[in-house]
Each structure stands twice: as C-alpha cells, then as structure tokens.
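Here are my notes after going through this model. Have it open in your viewer while you read.

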Amino acid sequence: MTKMLKKCKFFIFFVVFLAAGHFCWAARWHVPRILQYKRNGISFWIFVPPDWKPITSAKKFKAANLQIHAFLTVNVLSGIGKLEDLAAAYLNQESWIISHKKIILKNGRKMEEVICQDLNHPSRVGIGILFMKKGGLVVEESEISKDLYPLFADELWSLLRSVKTHQPSLSPFSSPSNPSAQSLKPGTSKISPQTELFPSSAASSKSASSQLPPGEKIYQDPKDKYEFFYPESWKVQHIGENPLLYQLHGSSFQVLSSAGGMFKVSQKKILPMYEQSLAYAIKGLKILHEKRLKIHAAKVKILVYSYRLPHGKMMKSWALVMTLSKISYLFVCTAPRSSFYSMRPTFMTMLQSFRVIH
C-alpha cells in the first residue's frame, strides 16, 4: 500500500485540487490552425484550415491553398473618409473591377462584401470584405480562378468571415453551417447565375476544417503547447500550469499534461493510477463503468464515476487519457448527474477540438 501511495502521490495532489474545484463549482479530425496577425494597432485571429499555408510577408498576412491555387490576404490601410470611397479607391488601385457588391451590418459595424474581376488576370476572380477599424481600412480578400470559384465559394467566404479582430485576451469566433456548393464546367469564364454569389454567413466549406462551434472561445495554453474550444460563458482557472474550465454551479473540464511533471509513467498506467487516487481524494466515490469513445479517429478508454457533493448534489465524471505528439494528457469532464447527458456534446466538442500546437 505504501508503494502504491508513493506512485500515486502526484495524482493524489492533483485530484485533491480537482475535487476542490468541483466543490467550489469550479471520423476524421480537422481543426484549423489559429494564427495571430497585428497591423496598425489592430489584432486579428485568422483561422487557417490545414490545406492553407501561411506565406511570409512583412506588411500583410498572406496564405495560399496550392491545391486549388487560391490565396488569402488580410491587410490594414490608413485612410480617412467613408467606407465606400476608400474601398473603391483601393480596388481601383489594385485593378479590381467590382461586379457585385453588398453592404451588411455585423455587430453594429458596416461592411462591404464584393466580388471583383481582375483586369490584369481575366481568368481569376476576387472576393473581399472591407470595413473601417480604428481609422483604417481593413481589407480581407481571396482570389481563385473563375472556373473553381463556384466549387469553393462557400469555403472562401467562410474563410474570410472567420477572420476576427480581437483584444489581446479574447478570441471570439462564429460557427458556419454547411450548405452544398454549386459546380461549374471547366473552361467557363463567366460566373454561373445559379451560383450563390454571396454565400450566407451561415455558409462554410464542405470540409470540416472550416466549421467552428457557435458561442465558443479558444483556450490557448500560456506556453502555446495546445489549444481547444470551450463555451464562452465558462470561466477559467489554473491549478499550477493546468487549466480548469468551469460553468458556475455546473460542469467543468480539466486538463493535466505530463509535460508539466505531474506524472511520469506510461499512458497505460495513468488511468489506473488516477482511479486509485480518486479513492483517497473523494469520499463516497462510485466507479460506474469503463467505456470507449471515438475521439480523434481512435477509440479511447474512458473511466466513468460519480460522487456526492457536501450539500447533496450528485456529480458524474469522465476521465480519459490521450497521447498526442508524445505527450500524455489526462482529461476530466464533470457535470451534475441530472444534466450530464445533455453536457456530453459540449465535452465531445472540447475533446475533439483539442490540438497540440508545438
């Protein structure tokens, strides 16, 4: 028993804090890379799908999808005047002729969405979103061949609309849905009138990589080791270097990394040791069963258990271990037993979106 306690001492330390947090109410995986770009005092979150690669540029953000020969740029230009006048001057300077234009209001901000023809390259079409921010003209634009635009219009518009300005401590984003895109025969130089020119802001790529959950934020490890989505209404605390995300008087999500030195054992031993440590940290613990769930295209073993809080409410938890990039992570998902079933989609979103950065 003494030997077992020594092996479990780090887990016991962790579980005690995890329990305190609770008592205080603390197919194929494609997740976009989340990049930051700052220009003229304006910061951006840019969600770049795996098939889009950033291009080094000193003055603007640039990315390319070489498979479809499409490009994305984000830039901020100084200027004083009305949005329509500055947008027209910029497009004229770049030899873009507007073929379609739509003015929209988003979060109280006036934006101009355009589809343009490139005078210098007649075989290509450009789309853009332009708006004013801090006295500058923000230009988000993407270009692709006319033949491929009808096939990838949803993805390109979703990519542009997912670019977000933010404060340094925030990372808001939206979640488009997924309508099908219209097709066009190769060699056609005119945009089909049946193609949706401005796909709805609820539209996105057919690829899961451009789908983002609604009402979510992104948690990013302070040392930039990993990131994942979590509900924007939840709060964040840290136990050492490990995050505890929780909903007041409700659910919580805990991440413990082996990189933090909390445990140095093989992945197969982590869950049994954690289960052993629970008995010392939580009174009235009841191990319900073990099950397997498909996460990150692999079946992961999950320990399911329950316990009672001091004032009587019953809680239910999942505990599971995943090893990504040679680092093992212990995840603990907890909710009131009466609402655990309804919280499962939220927990699955957090687990499926977990991504190692470095």
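The points below go from the whole chain down to single residues.

1. First, the ground rules. This is a predicted model, so local features need pLDDT of at least 70 and side-chain atom pairs count only at pLDDT 80 or more, while totals for chains, interfaces and linings use all residues. Numbering runs from 1 along each chain as its sequence is written, and side-chain values use heavy atoms, with hydrogens and water left out.

2. The overall picture: the protein chain has five helices and 20 strands, taken as DSSP runs numbered from the N terminus (H or I, at least four residues, for helices; E, at least two, for strands). Of its 358 residues, 49% count as buried, where buried means under 20% relative accessible area, exposed over 50%, and partly exposed in between (1.4 Å probe, protein chains only). About 17,800 Å² of the protein chain is exposed, with carbon and sulfur atoms supplying 54% of that; these areas come from the Shrake-Rupley method with a 1.4 Å probe, and for residues only the protein chains shown count as cover.

3. Now the largest nonpolar core, meaning a set of buried Ala, Val, Leu, Ile, Met, Phe, Trp, Tyr and Cys residues joined through side-chain atoms within 4.5 Å. Among its 30 residues, Phe44, Ile46, Trp52, Phe61, Leu72, Tyr149 and Trp157 touch the most other members. Several elements supply at least two residues each, including β1 (33-39), β2 (42-48), β9 (136-145) and α3 (149-161). The top contributor is α3, with six residues. Apart from this core lies another, of 29 residues, among them Tyr219, Ala335, Met343 and Phe347.

4. Have a look at Trp157. Not counting residues up to four places away in sequence, Trp157 touches Glu113, Val114, Ile115, Ile127, Gly128, Ile129, Tyr149, Leu197, Phe198 and Pro199, with contact meaning heavy atoms within 4.5 Å.

5. What about α5? Its 14 residues should span 20 Å at 1.5 Å a residue, and the end C-alpha atoms are 20 Å apart, which agrees; the expected span is 1.5 Å times one less than the number of residues. There is still a kink of about 25° centred on Thr346, the bend being the angle between axes fitted to the seven residues ending there and the seven starting there. Phe340, Met343, Phe347, Met350, Leu351 and Ser353 are buried in α5. The buried residues of α5 pack against strands including β12 (226-231), β16 (286-295) and β18 (314-324).

6. On aromatics, there are 18 pairs in the structure. Phe331 and Phe354 make an edge-to-face one, 4.9 Å centre to centre with 85° between the planes. Rings of Phe, Tyr and Trp (its six-membered ring) pair if their centres lie within 6.5 Å; planes under 30 degrees apart count as stacked, over 60 as edge-to-face and the rest as tilted. Phe331 sits in β19 (327-336) and Phe354 in the loop between α5 (340-353) and β20 (355-356), so this pair ties together parts 23 residues apart in sequence. Both Phe331 and Phe354 are buried, and they belong to one aromatic cluster with Tyr219, Tyr226, Phe228, Phe253 and Tyr329.

7. Two loop residues to finish. Asp51, between β2 and β3 (53-55), is partly exposed at 27% relative accessible area. Leaving aside neighbours within four places in sequence, Asp51 contacts Ala64, Asn65, Gln67 and Glu155. Gly135, in the loop between β8 and β9, counts as exposed at 52% relative accessibility. The C-alpha atoms of Gly135 and Gly79 are separated by 6.7 Å, though their positions lie 56 residues apart along the chain.
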